[in-house]
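Biologist: I would like to go through this model term by term. Please give me the value each time, and then the cut-off it is held against.

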Amino acid sequence: MNKTLLVSTLLCGSALAMTGCQTVESQMQTGNPLAQPTLKSTIQTVDGEKKEVGQVFLRPVDGGVQVYGKLTNLQPGRTVSLHIHETGSCDVMGKAAGGHFNPDNKPHSNPDDMNGHAGDLPNLTANEDGVATINYVNKKIAATEAGKYSVNRLAFIVHAGVDDYTSQPSGNAGDRIGCGIIVKN
Ligand SMILES: [Cu+2]
Ligand SMILES: [Zn+2]
């Protein structure tokens, strides 16, 4: 930790120095490419094997949360869907993760629709190596440790099929094939 950051952090505890505290926080909110992810998830198959099939990170950026990482071990060219589900459990072949994260009681929709589930995310297509990358700014969640929109301790679910962004309650996305609990980085 450099000296400036250390000083700012120490000042955060003082009511007389809130400006210094906000400076550190606002640095994290500006999309600074050096800002570290605050949350992460290791995606595993939902079968007993629990093979690692992806890594996804989350960090606050301007206007939302950057969700970025990759899924691996997919059939080349295959399109799968990914959501944030409301319960941080991968038990019962991923079913224990429940429905899509939906703190404002909205319908399932296109991830860019502000009137849709907070946990909705874009479909991902695997390249010739079976790797699908995600790099998406979700404007409806928080990468904070707690709070109404925090996704800490929730779960990513990978589905075998394509999300049609329309069918209720979950886009007719098919079987759950991967799952990862979201934890503090
Ligand atoms: Cu899902
Ligand atoms: Zn949804």
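Biologist: Why is His85 called buried?

Modeller: His85 has a relative accessible area of 1%. Buried means under 20%, exposed means over 50%, and partly exposed is in between, with a 1.4 Å probe and protein chains only. So His85 counts as buried.

Biologist: Before we go on, what are the ground rules?

Modeller: This is a predicted model, in which local features need pLDDT of at least 70 and side-chain atom pairs count only at pLDDT 80 or more, while totals for chains, interfaces and linings use all residues. Residues are numbered from 1 along each chain as its sequence is written, chains are lettered from A and ligands numbered from 1 in the order in which they are written, and side-chain values use heavy atoms, without hydrogens and water.

Biologist: What makes His83, His85 and His159 donors of the copper ion (ligand 1)?

Modeller: Donors are N, O and S atoms within 2.8 Å of the metal (3.2 Å for Na, K and Ca); water is not among the atoms, so sites may look incomplete. ND1 of His83, NE2 of His85 and NE2 of His159 lie 1.9 to 2.0 Å from the copper ion. Along the chain these donors are spaced H-x1-H-x73-H.

Biologist: Is His83 buried or exposed?

Modeller: His83 has 0% relative accessibility, and therefore counts as buried. His83 also stands opposite Ile157 in E7.

Biologist: How do you know that E4 and E7 pair?

Modeller: Two strands pair if DSSP finds at least two bridges between them. Strands (E, at least two residues) and helices (H or I, at least four) are DSSP runs, numbered from the N terminus. Five bridges join E4 to E7, and the two run antiparallel.

Biologist: Why is the site of the zinc ion (ligand 2) called tetrahedral?

Modeller: The zinc ion is coordinated at 2.0 Å by ND1 of His100, His108 and His117 and by OD of Asp120. Four donors count as tetrahedral if all angles lie between 85 and 135 degrees. The angles among the four donor atoms here are 101 to 119 degrees, which fits the term tetrahedral.

Biologist: What makes His100 and His117 buried?

Modeller: His100 has a relative accessible area of 5%, so it is buried. His117 is also at 5%, and therefore buried.

Biologist: Why does Thr166 count as exposed?

Modeller: Thr166 has 57% relative accessibility, so it counts as exposed. Thr166 lies in the loop between strand E7 (155–159) and strand E8 (176–184). Its C-alpha atom is 6.6 Å from that of His108, 58 residues apart along the chain.

Methods:
Four donors count as tetrahedral if all angles lie between 85 and 135 degrees; four count as square planar and six as octahedral if opposite donors are over 155 degrees apart and all others between 65 and 115; anything else is irregular.
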